[in-house]
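User: Can you walk me through the side-chain contacts in this one? I'm new to it.

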Amino acid sequence: MMSSPKKLALAVFIFGFLFLNSGLVFAKAEGEQETFFVEKPYDLKQREQVSFRLVKVSNQVYFYIESDWYLNITDQERGVINQNLASLVNDFDKEIYPKLTTLWGSEWTPGIDNDSKITIVFEQLTKGTAGYFNDANEYLKQQAPFSNEREMIYLSTEHL
């Protein structure tokens, strides 16, 4: 049986580790919703923030889709997109990511969010915009107030 001082010391350690450690990363689960800052000039509806749903998680990447768009397509379209994303997850981890990092080098890892995964969001973008990158996301909010504090790429929902 553990003595009261030892219990107290263990409780303080656990509290300090879990709640005060700013570098702690919690696992993300498919279906979770997050709101991200987006670039108004590229967004189809000129928004500054958009709600996204996490739809796939791989060894290297989180794939998010714009929530309103995803929920307003037909079940058949959603099924096709889910199949395409399942294939993309496999291709990304086994082919795309290794080729990109061989050519360009590795991204900052674990990065600002202390997570080695990249975030890719599919957003409704203006006609002719395939995607974009905002390096402000790799800074703390204190340095860049509209930062999403993660390594992130935005792609058009048209390519799903």
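Analyst: We can go through ring pairs, charges over rings, a buried acid and the nonpolar core. This is a predicted model, where local features need pLDDT of at least 70, side-chain atom pairs count only at pLDDT 80 or more, and totals for chains, interfaces and linings use all residues. Residues are numbered from 1 along each chain as its sequence is written, and side-chain values use heavy atoms, with hydrogens and water left out.

User: How many aromatic pairs are there?

Analyst: The count is 8. Rings of Phe, Tyr and Trp (its six-membered ring) pair if their centres lie within 6.5 Å; planes under 30 degrees apart count as stacked, over 60 as edge-to-face and the rest as tilted.

User: Why is the pair of Phe36 and Phe52 tilted?

Analyst: Their planes are at 35°, with the centres 5.6 Å apart, so the pair is tilted. Phe36 is in strand 1 (residues 33–37) and Phe52 in strand 2 (residues 49–57), so the pair ties together parts 16 residues apart in sequence. Strands (E, at least two residues) and helices (H or I, at least four) are DSSP runs, numbered from the N terminus.

User: Is Phe36 buried or exposed?

Analyst: Phe36 is buried, at 2% relative accessibility. Buried means under 20% relative accessible area, exposed over 50%, partly exposed in between (1.4 Å probe, protein chains only). Phe36 also forms an edge-to-face pair with Tyr64, 5.1 Å centre to centre and 85° between the planes.

User: New topic. Where is Asp115?

Analyst: Asp115 is in the loop between helix 3 (75–104) and strand 4 (118–123). Asp115 is buried and has no salt bridge (a side-chain nitrogen of Lys or Arg within 4 Å of a carboxyl oxygen of Asp or Glu). The nearest side chain of opposite charge is Lys28, 4.3 Å away; Lys and Arg count as positive and Asp and Glu as negative, with His and the chain ends not counted.

User: What does the side chain of Asp115 contact?

Analyst: One polar contact, of 2.6 Å, is with the side chain of Tyr62. The Asp115 side chain also reaches the backbone nitrogen of Lys117 at 3.0 Å. A polar contact is a pair of N or O atoms within 3.5 Å; within protein, one must be able to donate a hydrogen and the other to accept it, and residues adjacent in sequence count only if both atoms are side-chain atoms.

User: And which residues touch the most other members in the largest nonpolar core?

Analyst: Phe63, Ile65, Ile81 and Leu85, out of 16 residues. Helix 3 gives the most to this core, with 5 residues. A nonpolar core is a set of buried Ala, Val, Leu, Ile, Met, Phe, Trp, Tyr and Cys residues joined through side-chain atoms within 4.5 Å.
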